[in-house]
Amino acid sequence: MYRKYPPSRENIAGAVIRCLWLAGTRTFFGRSSKPVAHWLDRAAPEFSPEMIQAVRSFVNVAAIFGPLVFFWALFDQQGSTWVLQARRLNGRIGWLTVLPEQINILNPLIVLIMVPVFEGIIYPCARKLFNVTPLRKMAVGGLLTATAFIMAGLLQLEVNKTMESPPATGRIYLQRIGNASHVHSFQRLGHAASLIGDLPTGRTEVDAGLYTIQTGDKVHTVNLTIPGKGYVMGLYDNNDTSSQISVFMYAIEKTDNGASRVYFVVPEGDAGRVFVVDHKNHVVASQNLTSGNFLDIRPRFFDSGEYMLYYGKDCYDTSCPKKIPFTVSFSCLVEHQIEKMVIG
């Protein structure tokens with residue numbers, strides 16, 4: 001014989017919240033001084049003993065599984081935020097270079113390695129000191145996981161110190177490089193107050209706009225009108241009192257593929273080609289050697305990260321007469337790359 005019960009019209013979630021609120025206010029604000037076995041019992045008589053017992057069971061379960069919400073929220077960052085963090089780190093471990101997207105394989109790999117280690121070594125040794133229960137395993141695992149998350153956060157704080165901050169609103173970064181010594185003035189068009197007597201070498205933050213720069217007897221106009229960007233200005237002395245000028249825009253942000261981006265600045269319009277050669281004398285990339293061109297160098301898994309850049313006209317790879325050593329690093333700053341890789 002079956003008995004048909006009508007569906008409950010009570011909002012269970014609302015009832016649980018009201019029960020917790022009533023018991024909590026009576027416990028913390030002293031509205032009830034009657035001793036009880038559990039603080040939730042102070043929700044009586046407004047709530048039945050069955051309801052109070054159900055809420056007690058809910059609280060006990062939530063105390064154990066509640067932190068899992070935060071665990072999975074942070075754990076799933078390994079496919080997004082932590083990959084972005086790895087792009088800003090040096091992925092080299094000796095002769096191995098771990099690329100950012102390869103970080104995801106470490107979790108299943110460590111599981112396969114550590115399961116037999118724990119079952120064969122760690123747990124037998126631990127059982128000699130105390131009883132190893134599933135609940136204790138969960139507690140220790142939770143503490144280790146929390147420690148790992150904290151370490152990742154502290155690491156990100158250190159990574160942030162190495163990142164190039166964007167320029168202020170309406171301004172740009174200007175990198176001056178080269179050997180020119182006849183720079184007399186650098187001024188924004190129509191703004192007499194923006195006059196800089198001698199543009200300093202290195203990075204300078206200025207307002208975006210059109211500028212004039214006087215080198216010797218010549219006045220050049222340069223377009224620096226896109227705010228929030230970075231520009232490189234190469235100034236090189238000629239045999240007379242004038243200077244050659246080369247201006248191009250570079251990306252302040254990190255490269256999309258986790259590689260090291262190398263920009264080239266040359267005095268002449270065409271300086272031939274540049275070849276990137278690894279430690280095995282294999283050409284991994286090449287590019288026309290003109291100002292503004294760049295190369296993205298991405299090391300392989302078994303790679304030392306040490307490269308040699310050969311360059312020149314009418315030559316190929318290691319037959320080029322000039323060379324510069326270069327070490328790939330995911331954490332290289334753009335201005336560091338520019339200063340190191342000026343060719344001319």
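Is aspartate 314 buried or exposed? Aspartate 314 is exposed, with a relative accessible area of 84%, where exposed means over 50%, buried under 20% and partly exposed in between (1.4 Å probe, protein chains only).

A word on the model first. It is predicted, so local features need pLDDT of at least 70 and side-chain atom pairs count only at pLDDT 80 or more, while totals for chains, interfaces and linings use all residues. Residues are numbered from 1 along each chain as its sequence is written, and side-chain values use heavy atoms, with hydrogens and water left out.

Let's look at the backbone. Helices (H or I, at least four residues) and strands (E, at least two) are DSSP runs, numbered from the N terminus. Two loop residues that are not glycine have a positive phi:

| Residue | Phi | Loop | Relative accessible area |
|---|---|---|---|
| Asparagine 281 | near 65 degrees | between β11 (273–277) and β12 (283–288) | 55%, exposed |
| Aspartate 314 | about 55 degrees | between β14 (306–312) and β15 (322–327) | 84%, exposed |

Another loop, between α1 (12–28) and α2 (49–75), holds proline 45. The peptide bond leading into proline 45 from alanine 44 is cis, with omega near 5 degrees.

Now to helix α4 (residues 106–127), where methionine 114 is found. This methionine 114 is partly exposed, at 31% relative accessible area. Methionine 114 also belongs to a nonpolar surface patch of about 870 Å², whose other members include Ile103, Leu109 and Ile122. Such patches take residues with over 30% relative accessible area and no salt bridge (a side-chain nitrogen of Lys or Arg within 4 Å of a carboxyl oxygen of Asp or Glu). Nonpolar side chains (Val, Leu, Ile, Met, Phe, Trp, Tyr) are joined within 5 Å, and like charges within 9 Å. Accessible areas come from the Shrake-Rupley method with a 1.4 Å probe; for residues, only the protein chains shown count as cover.
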